[in-house]
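Trainee: Got a minute to go through this model with me? I'd like to start with how the helices pack.

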Amino acid sequence: MTMTIVEAARGVTGGVDTHLDVHVAAALDPLGALLGSESFETTTAGYKSLLAWLESFGEVAKVGMEGTGSYGAGLARFLRKADIKVIDVNQPNRAERRRNGKSDPLDAIEAARAALGGRATSISKTKDGPVEAIRVLVVAKRSACQARVKALTQMRHLVITAPDQLRCRFKGLTVVALVSEASRLRSSRSGDPVAAAHKASLSSLAHRIQSLEEEIAELEQRIESLLVVTAPELLARFGVGPDTAAALLVSAGDNPERLHSEAAWAHLCGVAPISASSGKTTRHRLDRGGDRHANSALWRIVMVRIAHDPNTTAYFERKVKEGRSKRDVIRLLKRYVAREMYHYLPRG
């Protein structure tokens, strides 16, 4: 029995603690014994040296890595092109860290042990296809939307503290009218320095908002074009718009086949019930983990369906009459929608 396990575990297991300029790697044999640790630069030459160093101990079975979505993205892509399985190690072993302290070599060793022992099993996202392109555009759009909201808030506050003539002029205007009116202000026409400053600031913020709105519209067009090509079936589902489809795709990645079941997908989205049973008590609790952007996307789909889909509305009302709280019914629907969306994730 022992020989069978050892034979199945042949190969070197690597672990990498990723950083901006230097990655620290560790190598373990099939039984978990440390073969060595070394530092490598975060360049193409450094990646080649790291892989060659791991292969000097034998055939590389897999590599556990922290930060595959940030500092380790380049190395992860390089290793996948070399047909090396990359395991995403999200959380450090806190008990081991309390016992032995923290250092880069220790973190690399723990990443390797997590991959070897099965504590970390998630295949990392490839980040080399249209979904990664969508993710990058979504980051820019989200930033532009946040900047627009901030500028609008600042405009509202400036209007509140503006001289009476300006405050009366902008009082009660909608956002569109406020931005349009403020963009036409000219500070040079006012002899009052305070009024002139308010006009200059409001005009500056209005032009900034207009520029951001143009930028957001362009980014939305780019995102939707990629969505139509990448996941037309997902985008066609009832209640799924470009924003929700993009959030779900980004959560799944360019290689959704790494998700071995719809239950794993539900867990990734934070809608899988977590067992909280003890003794004679059998219960489940809400999963507060997972990708919160995907979880929010599922919530938006559910709310649209409750409002506009007759079947979902009837189900919601029936469950509420049975004594379930509205929050509980929404959680049930989110789980159902996650199961439905799983079958429409694009697979290569």
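Trainee: Which residues in H13 meet H15?

Mentor: Keep in mind that this is a predicted model. On the H15 side, the contact takes in Ile330, Leu333, Lys334, Tyr336, Val337, Ala338, Glu340 and Met341. By type, the residues of the contact split into 12 nonpolar, one polar and three charged. The H13 side consists of Asn295, Leu298, Trp299, Ile301, Val302, Met303, Arg305 and Ile306.

Trainee: And are H13 and H15 roughly parallel or roughly perpendicular to each other?

Mentor: Two packed helices are described by the angle between their axes and the distance between the axes. For H13 (residues 292-308) and H15 (residues 326-342), the axes are 9 Å apart and the angle is about 105°. Angles of 65 to 115 degrees count as roughly perpendicular, so H13 and H15 are roughly perpendicular.

Trainee: How many residues are in the largest nonpolar core?

Mentor: H13 and H15 each give two or more residues to this core, as do H6, H9, H10, H11 and H12. Leu298 and Met341 are among the residues with the most contacts inside the core, and Leu298 touches Met341. Apart from this core lies another, of 18 residues, including Trp53 and Leu79. The largest one has 39 residues.

Trainee: Leu79 is in H3, right? Which residue follows H3 with a positive phi?

Mentor: Yes, Leu79 is one of the buried residues of H3 (residues 73-81). What covers the buried residues there includes strands E1, E2, E4 and E5 and helix H2. After H3 comes a residue with phi near 60°, and that's Asp83.

Technical notes
Residues numbered from 1 in each chain as written. Predicted model: local features only at pLDDT ≥ 70, side-chain atom pairs only at ≥ 80, totals over all residues. Heavy atoms only, no water. Axes fitted to C-alpha atoms, helices over the stretch in contact; angles between N-to-C directions. Helix = DSSP H or I, 4+ residues; strand = E, 2+ residues; numbered from the N terminus. Parallel < 35°, antiparallel > 145°, perpendicular 65-115°, else oblique. Contact = heavy atoms within 4.5 Å. Nonpolar A, V, L, I, M, F, W, Y, C, P; charged D, E, K, R; others polar. Core = buried A, V, L, I, M, F, W, Y, C linked by side-chain atoms within 4.5 Å. Buried < 20%, exposed > 50% of the residue type's maximum accessible area, 1.4 Å probe, protein only. Lists of a residue's contacts leave out its neighbours within four places in sequence.
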